Amino acid sequence: MKNLVYSFRKSKHLTQEDLARLVGVTRQTIISIEQGKYVASLPLALKFAKIFDTTVEKIFELEEGD
């Protein structure tokens, strides 16, 4: 699964720690999501969408084979 968490986070001028605090996870979780090593749960994806003022589909995208 491809995601644009890094891009959206940077556009909001948030650090990984800031974003982690806002969504209630650790900084390590944010790092793992941004690197594509961890797929966010639906509740977490919805929190990202709310913070970034966009839809889940604009942040997360299925890649062929997912």
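The buried residues of helix α4 pack against five elements of this predicted model: helices α1, α2 (16–23), α3 (27–34) and α5 (56–59), together with strand β2 (60–61). Which residues of α4 are the buried ones? They are Leu-44, Ala-45, Phe-48, Ala-49 and Phe-52. When one looks down the axis of α4, these buried residues fall within an arc of 145°, and therefore they line one face of the helix. On the other side of α4, the exposed residues are Leu-42, Pro-43 and Lys-50. After the helix comes Asp-53, which has a positive phi, near 55°.

I turn now to the aromatic residues. A search of the whole structure finds 3 aromatic pairs. One of them joins Phe-8 and Phe-52 in a stacked arrangement, with 5.4 Å from centre to centre and 20° between the planes. Where in the chain do Phe-8 and Phe-52 lie? Phe-8 belongs to helix α1 (residues 5–11), while Phe-52 belongs to helix α4 (residues 42–52). The two residues are 44 apart, and the pair thus links distant parts of the chain. Phe-8 counts as buried because its relative accessible area is 18%, and buried means under 20%. Phe-52 is buried as well, with a relative accessible area of 4%.

Phe-52 also takes part in a pair with Phe-48. This pair is stacked too, at 6.0 Å centre to centre and with 5° between the planes. Why are Phe-48 and Phe-52 separated by about one helical turn? The reason is that they are 4 residues apart in helix α4. Both Phe-48 and Phe-52 are buried. Taking the aromatic residues together, Phe-8, Phe-48, Phe-52 and Phe-60 form one aromatic cluster.

Let us stay with helix α1 and consider a charged residue. Arg-9 is found in this helix. Is Arg-9 buried or exposed? Arg-9 is buried, because its relative accessible area is 4%, and the limit for a buried residue is under 20%. If neighbours within four places in sequence are left aside, Arg-9 is in contact with Leu-14, Thr-15, Gln-16, Leu-19, Glu-34 and Phe-52. Phe-52 has already appeared as a member of the aromatic cluster. As for Glu-34, it stands 25 residues from Arg-9 along the chain, and the C-alpha atoms of the two are separated by 9.8 Å.

Helix α2 comes next. Its buried residues are Gln-16, Leu-19, Ala-20 and Val-23. Seen down the axis of α2, they fall within an arc of 100°, so they line one face of the helix. Arg-21 and Leu-22, on the other side of α2, are exposed. The buried residues of α2 pack against α1, α3 and α4. Two of the contacts of Arg-9, namely Gln-16 and Leu-19, are among these buried residues of α2. Just after the helix, Gly-24 takes a positive phi of about 80°.

In helix α3, the buried residues are Ile-30, Ile-31, Ser-32, Ile-33 and Glu-34. What covers them? The cover includes β1, α1, α2, α4 and β2. Gly-36, just after α3, has a positive phi of about 75°.

Gly-36 leads us to a further feature, namely empty space within the model. How many cavities of 30 Å³ or more does a search of the whole structure find? The search finds 1. About 40 Å³ of space lies in the largest cavity. Its lining consists of Met-1, Asn-3, Ile-33, Gly-36, Tyr-38, Val-39, Ala-40 and Phe-60. These lining residues divide into 6 nonpolar and 2 polar, with no charged residue. Several names here are familiar: Ile-33 is one of the buried residues of α3, and Phe-60 is one of the residues of the aromatic cluster.

Finally, I come to Leu-4, which is placed in the loop between β1 (2–3) and α1. With a relative accessibility of 34%, Leu-4 counts as partly exposed. Which residues does Leu-4 contact, leaving aside its neighbours within four places in sequence? They are Lys-58 and Ile-59. Gly-36 returns here as well: Leu-4 and Gly-36 are 32 residues apart along the chain, and their C-alpha atoms are separated by 9.9 Å.

Definitions and conventions
Residues numbered from 1 in each chain as written. Predicted model: local features only at pLDDT ≥ 70, side-chain atom pairs only at ≥ 80, totals over all residues. Heavy atoms only, no water. Phe/Tyr/Trp six-rings, centres within 6.5 Å; stacked < 30°, edge-to-face > 60°. Buried < 20%, exposed > 50% of the residue type's maximum accessible area, 1.4 Å probe, protein only. Contact = heavy atoms within 4.5 Å. Arc of directions from axis to C-beta. 1 Å grid on protein atoms, 1.4 Å probe; cavity = no way out; pocket = protein on both sides within 12 Å on 5 of 7 lines; lining within 4 Å. Points joined across faces, edges and corners; volume = space filled by probe spheres on them. Nonpolar A, V, L, I, M, F, W, Y, C, P; charged D, E, K, R; others polar.
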